[in-house]
Amino acid sequence: MDITSLDPRARLATAVAAAFLFSMVQTRAVLFAGSAGTILLICLAEYPFLMLFKRLAPANFFLLFLVVTVPWSMPGTPAWELGPFSFSREGVELILQAAVKCNCILAVFLVLAADMEIADMGAALEQLHMPPKLVFLFLFTFRHIHVIEDEWKRMRTAAALRGFRPKTSMHTYRTIAHMLGMVIVNSMDRSRRIYEAMQLRGFHGVFHTATEPGGGGIVFFSCVAASLVALTAADLIIR
Amino acid sequence: MHISEGVLSPTVLIGGYALTLAGLYFGLKKSDYERLTTAAVLSAVFFTASLIHVPLGPGSVHLILNGVLGMLLGWGIFPVLFTALLLQAVLFRYGGIAVLGVNTFDMALPALLCHYAFRTWFSAPGIKPIAGGFLCGFFSVAGAALCTAAALAFTDEGFMTSARMLFLAHVPVMAIEGIISALIISFLKKTRPELLHFSSDTSESQL
């Protein structure tokens, strides 16, 4: 099934709803059902598993920190002991739950929304009634990330060519701070020029998109929405 | 440090969103599109700064710069961080959509408080602007680490030790951010002092 042909608004709204509903789940059975649903969604979308794992990896760093710190520090029934440390059953369960929730939320988001063009995402957010000023900020920030990054890289290259090797010293910190200060000054000047250029072209706060909103997938999204509602209801009842 | 999805309790997530929405309201209320253009470019600076690694001993830490941006933007720090963190969630899967409220508030509130605590220092002569820059950078990160730790601790008592360790792990980051912020302020003060009053020019406009 081709997810990209579906309505971007529905894709975003579903991904956000799934994120919140997964965060609320408190019962184990519903969490299992939810992860089964997520796997079904991944298969339906024919999302390559290898790519999925690669993209989920950065999100799991924080979980790794919790894995290292929580199980032995949380009081509760000891599951097993290793020297002076005792690992509590509650701690292990807490982490497992967090890990399942986190990866399900992100997998749903990756499958449904992450492949979207940022411009389409901005348009969809506006149609979903996100404040226009915030949408403007979102689109404009994205537009300038590469500009700023290039500027930073240019400065770093220039410094490297003059023999700058970063190490733990005041000289390094001063150099980095001055380069960053220069980036800030340049970018604030740049923003003035951008704004003037936009005004000359008659900009008054509205972006127009070339693509028409809309697309298919009513049946698909009804099914996903129905299962999300069913899972939430089940969670509330079992709890 | 971004908290990832699935960790925090619903109460904390919703509380974070409520507070962030209030901040967004004030941050966006008085801003026109001219200021938003500058805010967007600074938001891109924040995004890029998180990719810059500063050497520290055998390892390195990445910059946050919420203190410097808070100092420049005032209430505008809320929409700027919200946007940058949303893009980080979308593009890199750092953080996430449901925790966006908490993550934004954690970093924006301390920066905003520092803005109001130290903003008069920047126009003073002598050592005061540099000291203000250090304290701004230091306490913005300290506050962010404290809020993040609190979000964890409020979620489950089992996270208490992790929350403490998270805060302690950020102590060197606080020092580096303080130093870098102080040096950035002194650079701005020398080259373009008018930028330090960006948030308060054009009468009461906040962004």
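**Exercise 1. Work out whether the radius of gyration of chain B agrees with that of a compact globule.**

Solution. Start with the chain length: chain B has 207 residues, and a compact globule with that many would have a radius of gyration near 17 Å. Now take the value for chain B in this predicted model, which is 16 Å, so the two agree. For the outline, the C-alpha trace spans about 50 × 40 × 30 Å along its principal axes. Next, look at burial: 64% of the 207 residues count as buried. Finally, check the contacts between residues at least 6 apart in sequence: 75% of these join residues at least 24 apart.

**Exercise 2. Find the order in which helices and strands follow each other in chain B.**

Solution. Count first: there are 8 helices and 2 strands in chain B. Then walk along the sequence, and you get α-α-β-β-α-α-α-α-α-α.

**Exercise 3. A:Glu46 and B:Arg93 each have a positive phi. Decide for each one: buried or exposed?**

Solution. Here's the background: most residues other than glycine have a negative phi. A:Glu46 has a phi of about 55°, and B:Arg93 has one near 60°. Now place them. A:Glu46 sits in the loop between α2 (28–44) and α3 (49–56) of chain A, while B:Arg93 is in the loop between α4 (77–92) and α5 (100–118) of chain B. Last step, accessibility: buried means under 20% and exposed means over 50%. A:Glu46 has 61%, so A:Glu46 is exposed. B:Arg93 has 10%, so B:Arg93 is buried.

**Exercise 4. Which parts of chain A does the salt bridge between A:Arg55 and A:Asp115 link?**

Solution. Begin with the distance: the closest N and O atoms of A:Arg55 and A:Asp115 are 3.5 Å apart. Then locate the partners: A:Arg55 is in helix α3, and A:Asp115 is in the loop between α5 (89–114) and α6 (118–127), so the pair, 60 residues apart, links distant parts of the chain. Both ends are partly exposed, A:Arg55 at 25% and A:Asp115 at 41%.

For contrast, try A:Glu149 and A:Lys153, whose closest N and O atoms are 3.6 Å apart in their salt bridge. Both lie in helix α7 (residues 132–161), 4 residues apart, about one turn of the helix.

**Exercise 5. Starting from B:Arg192 and B:Glu194, find which residues are joined into one salt-bridge network.**

Solution. First, the starting pair: B:Arg192 and B:Glu194 meet in a salt bridge at 2.8 Å, N to O. Then follow shared partners: A:Asp189 joins B:Arg192 and B:Glu194 in one network. Over all chains, the salt bridges number 8.

Note on methods
Residues are numbered from 1 along each chain as its sequence is written. Chains are lettered from A and ligands numbered from 1 in the order in which they are written. This is a predicted model: local features need pLDDT of at least 70, side-chain atom pairs count only at pLDDT 80 or more; totals for chains, interfaces and linings use all residues. Side-chain values use heavy atoms; hydrogens and water are left out. The radius of gyration is taken over C-alpha atoms; the globule rule is 2.2 Å times the number of residues to the power 0.38. Buried means under 20% relative accessible area, exposed over 50%, partly exposed in between (1.4 Å probe, protein chains only). Contact means heavy atoms within 4.5 Å. A salt bridge is a side-chain nitrogen of Lys or Arg within 4 Å of a carboxyl oxygen of Asp or Glu.
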